[in-house]
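User: Hi! Could you take a close look at a single part of this structure for me? Please also place that part in its wider setting.

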Amino acid sequence: MELNSRPVVEVSETDIYQESHTVLSDISFKIEKGEFVYLIGRTGSGKSSLLKTLYADLAFHKGAIEVAGYDLTKIKSKNIPYLRRKIGIIFQDFQLFPDRTVTENLTFVMRATGWKDRTKMKGRLAEVLMRVGLGAAAEKMPHQLSGGEQQRVVIARALINEPLILFADEPTGNLDPEVSSGIFGLFKEINRSGTSVLMATHNHKFIEDHPARVLKCDEGKLLDSAEHEFELSGHY
Ligand SMILES: Nc1ncnc2c1ncn2[C@@H]1O[C@H](COP(=O)(O)OP(=O)(O)OP(=O)(O)O)[C@@H](O)[C@H]1O
């Protein structure tokens with residue numbers, strides 16, 4: 001089967017662990033190319049642990065996980081950087097180098113992921129900054145940008161290697177509602193051009209305004225709105 005017709009994420013009968021503690025048990029789900037999926041659940045229910053497992057930052061001991069064509073059951077640590085080139089990871093705290101310009105922040109990642117040709121690097125840098133609406137910010141330092149603009153830089157950084165999927169862990173958690181909706185809109189726009197998105201969020205309004213499939217961490221299980229209806233409202 002062609003890689004591009006296979007799911008971008010396929011989790012089969014897996015348990016998610018933190019140290020010796022099982023956070024989610026016996027979970028199975030797939031995310032197809034171009035899908036937008038919310039990940040919800042109360043604080044401590046396992047959203048971050050699941051995302052960390054999917055980007056190979058947390059080990060798992062049961063079942064099988066395939067992400068962007070990489071079998072995480074067998075992946076060697078030397079191959080994890082190659083997996084990470086096929087995915088984009090975005091956190092709540094922006095994690096930019098505070099003492100480097102936007103360009104330097106982005107070229108750091110480019111070099112680390114094998115870019116060498118300066119002209120191509122410059123071109124890609126301009127492209128991703130335009131994509132996130134920050135064409136004029138290349139020489140700014142992070143502290144000269146607003147929180148929303150910093151998160152746009154992080155998204156630009158995640159887009160550099162044309163990932164198949166973005167894993168976003170509460171990407172608007174530190175932003176006020178208006179700025180959050182702009183960032184959310186950017187994720188939707190990126191998704192419309194074919195990149196899958198798995199977004200952990202506590203923001204109920206996103207789901208109300210832009211309904212999509214929901215995975216919910218709930219008392220050690222993962223509920224999937226594509227399989228069963230469940231209650232979205234209430235605290236999560
Ligand atoms: N580094 C760690 N070491 C040990 N246990 C951890 C670690 N990180 C999280 N846990 C535990 O794993 C469980 C799931 O936490 P996780 O951070 O995945 O939840 P979450 O749904 O992302 O929460 P939040 O919405 O607050 O971000 C919790 O019981 C938490 O205490």
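Analyst: Happy to. Helices and strands here are DSSP runs numbered from the N terminus, a helix being H or I over at least four residues and a strand being E over at least two. Please keep in mind that this is a predicted model, in which local features need pLDDT of at least 70 and side-chain atom pairs count only at pLDDT 80 or more, while totals for chains, interfaces and linings use all residues. Residues are numbered from 1 along each chain as its sequence is written.

The part I would pick is helix 5, residues 147-159. Its 13 residues should span 18 Å at 1.5 Å a residue (the rule multiplies 1.5 Å by one less than the number of residues), and the separation of 19 Å between its end C-alpha atoms agrees with that.

How enclosed is helix 5? Of its 13 residues, 11 are buried, so the rest of the structure largely encloses this helix. Buried means that 20 or more other C-beta atoms, placed from the backbone, lie within 10 Å of a residue's own; 12 or fewer makes it exposed, and anything in between partly exposed. The buried set runs from Glu149, Gln150, Gln151 and Arg152 through Val153, Val154, Ile155 and Ala156 to Arg157, Ala158 and Leu159. Their cover includes strand 6 (87-90), helix 3 (102-112) and helix 4 (118-131), together with strand 7 (165-169) and helix 6 (177-192). Contact, here and below, means C-beta atoms, placed from the backbone, within 7 Å of each other.

Helix 5 also matters to the count of the largest nonpolar core, which has 60 residues: its six residues are the largest share of that core. Such a core is a set of buried Ala, Val, Leu, Ile, Met, Phe, Trp, Tyr and Cys residues joined through C-beta atoms within 7 Å. Leu39, Ile165, Leu166, Phe167 and Val197 have the most contacts inside the core. Valine 197 gives a good view of this packing: leaving aside neighbours within four places in sequence, Val197 is in contact with Phe36, Val37, Ile165, Leu166, Ala168, Phe187 and Asn191.

Just past the helix, in the loop between helix 5 and strand 7, sits glutamate 162. Glutamate 162 has a positive phi of about 50° without being a glycine, and counts as exposed, with 12 other C-beta atoms within 10 Å. Another non-glycine residue with a positive phi, about 60°, is alanine 56, in the loop between helix 1 and strand 4 (64-67). Alanine 56, however, is buried, with 20 other C-beta atoms within 10 Å.

Two of the covering elements also meet each other. Threonine 107 lies in helix 3, and leucine 125 has its place in helix 4. Apart from residues up to four places away in sequence, Thr107 touches Met121 and Leu125, while Leu125 touches Thr103, Leu106 and Thr107. Thr107 is partly exposed, with 19 other C-beta atoms within 10 Å, and Leu125 is likewise partly exposed, with 19. Leu125 and Thr103, 22 residues apart along the chain, have C-alpha atoms separated by 7.4 Å. Thr107 and isoleucine 160 are 53 residues apart in sequence, with 9.5 Å between their C-alpha atoms.

Elsewhere, a ligand is surrounded by Gln18, Glu19, Val23, Gly41, Thr43, Gly44, Ser45, Gly46, Lys47, Ser48, Ser49 and Cys217, each with its backbone-placed C-beta atom within 6 Å. Helix 1 (residues 47-54) supplies three of these residues, the largest share of the shell. By type, the shell holds two nonpolar, eight polar and two charged residues. Nonpolar covers Ala, Val, Leu, Ile, Met, Phe, Trp, Tyr, Cys and Pro, charged covers Asp, Glu, Lys and Arg, and polar is everything else, Gly among them.

Finally, the whole protein: seven helices and 10 strands. Its radius of gyration is 18 Å, close to the 18 Å from the globule rule for 236 residues, so the protein is as compact as a globular protein of that length. That radius is taken over C-alpha atoms, and the rule is 2.2 Å times the number of residues to the power 0.38. Of the 236 residues, 37% count as buried. Among contacts between residues at least 6 apart in sequence, 68% join residues at least 24 apart.

Notes. Two residues are in contact if their C-beta atoms, placed from the backbone, lie within 7 Å.
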